[in-house]
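Me: Could you take one part of this model and walk me through it closely? I'd like the geometry and the surroundings, told as one connected story.

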Amino acid sequence: MAMMMADLSFSASISNAKLPRYGNDSSLVKRSSMFRAEARSTESEKYTTNGRSRKMVPTTELMRSKGGGRARTDTVNGSLNGAVNGSTKAVINGSTNGVVNGSTRAVINGSPKVVVTGTSLVNGSNMSSLVKTQKQMSARDDPFEEELKVLPSDEGFSWAKANYNSVQRSIDIWSFVLSLRIRILFDNAKWAYPGGFSEENQKIRRRNTASWLREQVLQLGPTFIKLGQLSSTRSDLFPKEFVDELAKLQDRVPAFSPEKAKAFIEKEMGCSVDVAFKEFEDRPIAAASLGQVHRAVLHNGERVAVKVQRPGLRKLFDIDLRNLKLVAEYFQRSEKFGGPSRDWIGIYDECSKILYEEIDYINEGKNADRFRRDFRNIKWVRVPLIMWDYTTEKVLTLEYAPGIKINNLAVLDSRGYSRSLIASRSIESYLIQILKTGFFHADPHPGNLAIDKDGSLIYYDFGMMGEIKSFTRDRLLSLFYAVYEKDANKVIKALIDLEALQPTGDLSPVC
């Protein structure tokens, strides 16, 4: 009996329903001390991911012929493990070597082939996020289907050229910094207004400078676009005119060509796009500072979003951050930029660390999985699933989860969503992140937050995350309750306790 129990293995999707009883039917169970257990998959709504029901997919749906060959014949449901529809042992093309739950690797047609993907890079795990798939919906039935827009191309920008060298890059950066310095000087100098100084004239000139700044940031490319996006959320540091213009960088970033994207995917995944995906849309649905997103369909019919990193990004970061360190040192010495009161060097160090982490998509996938676990019991927060078998350090494949941008108030109002409910859920979700889990989304601009059909919050882009240690969370919680209770003495004490943590680095500046 013990040996029998050791050989049993069940899929994670098996329901809690009792196993069928066979009684004395000799056609089902022989009269002996041994017993038979039958494992079945389920499509019950009870077993869901982020509120979406999931179902098993037959392995035959993943096999397709093209030119007499087979695509990814060494995988089952996109996994390196031979798990098949909840069966305790997988018989694949006549081979009985495929055992469920990762006990051995599948041998298909007698050939023990192995494909190395992002799955094997995550803590040495054999997990597969593709065993379960989302119920499909046609584009016509989906009111949230994103309309493809023609995005500007990066072909006209110097930073997108293959022969763009470091010397020219440094010249471009310092020309921008000096020009910005001169413009700000003239905007603030009253004698620089020929018709006489007035606040209205200053606002007009600042708007012109802000528009120029946005164009220059686009010309300088990914690193500065990312910094511009971050600055657009800091109305406490920059004039309103600058914040409004830089906010346009959140969803109006130049895209690179589909030929570049496909070549990059093939280089990263070690196979052609046609082998990896059943369908792949050439036109991206979004372009960000560090990459762009294409819609695709897996061979099991599941719709996904493929995030492709901009080619040559690390090399560009190396050049830019060397120059930006010199800029930070210049700002630190300048009283005009609040050098004595602002830690520009500390901000640079934190930003450079975060930028390098953001271009590691394996790290981003891990962050997304952790964030999803933190909110596993919150029905109104949704995090797209990471498809590890189609993910590498520079290509990230995730569940396609379209939604309405959280700042698109006209559409939200027209569809009857409650602004107050969205606001309260947004606040509550961040209180959970900061005061309970200590793991928070550090890049919450409107491009990374959307509203699902049922009013749930959808979080995107987990490349930039922050973490708060437990003893700091305790002090923040004390401050929160002191403010809630309107107790001035407790507020002062909590602030003193938090100030004492500053030298420890636990409250280091966040870019």
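Reply: Here is a close look at helix 6, followed by some aromatic contacts elsewhere in the chain. Keep in mind that this is a predicted model.

Helix 6 covers residues 258–269, twelve residues in total. From its first C-alpha to its last it reaches 16 Å, close to the 16 Å expected at 1.5 Å a residue. Which of its residues are buried? They are Ala-261, Phe-264, Ile-265 and Met-269. Looking down the axis of helix 6, you'd find these buried residues within an arc of 110°, so they line one face of the helix. The spacing is familiar: an α-helix has 3.6 residues a turn, so residues three or four places apart point the same way. Over on the other side of helix 6, Glu-259 and Lys-267 are exposed.

What covers the buried residues of helix 6? The cover includes helix 7 (273–276) along with several strands, among them strand 8 (279–280), strand 10 (291–297), strand 11 (303–309) and strand 13 (395–399). Just after helix 6 comes Gly-270, with a positive phi of about 75°.

Now for the rings. The count comes to 13 aromatic pairs. One of them is Phe-331 with Trp-344: the centres sit 5.3 Å apart and the planes meet at 70°, so this pair is edge-to-face, the cut-off being over 60 degrees. Phe-331 belongs to helix 8 (residues 313–333) and Trp-344 to helix 9 (residues 344–358), so the pair ties together parts that are 13 residues apart in sequence. Phe-331 counts as buried because its relative accessibility is 16%, and Trp-344 counts as buried because its value is 17%; the limit is under 20%.

Another pair, Phe-371 with Phe-462, is tilted, at 5.2 Å centre to centre and 50° between the planes. This pair links distant parts of the chain, 91 residues apart: Phe-371 is in helix 10 (residues 361–374), while Phe-462 is in the loop between strand 17 (457–459) and strand 18 (465–467). Phe-371 has 0% relative accessibility and counts as buried, and Phe-462, at 4%, counts as buried too. Ring pairs also bring in Phe-375 and Tyr-459, joining them with Phe-371 and Phe-462 in a cluster.

Finally, two arginines lie over ring faces. Arg-370 is over the face of Phe-439, at 4.0 Å from the ring centre. Arg-205 is over the face of Tyr-193, at 4.0 Å from the ring centre.

Terms used. Residues numbered from 1 in each chain as written. Predicted model: local features only at pLDDT ≥ 70, side-chain atom pairs only at ≥ 80, totals over all residues. Heavy atoms only, no water. Helix = DSSP H or I, 4+ residues; strand = E, 2+ residues; numbered from the N terminus. Expected span 1.5 Å × (residues − 1). Buried < 20%, exposed > 50% of the residue type's maximum accessible area, 1.4 Å probe, protein only. Arc of directions from axis to C-beta. Contact = heavy atoms within 4.5 Å. Phe/Tyr/Trp six-rings, centres within 6.5 Å; stacked < 30°, edge-to-face > 60°. Lys NZ or Arg CZ within 6 Å of the ring centre and 35° of its normal.
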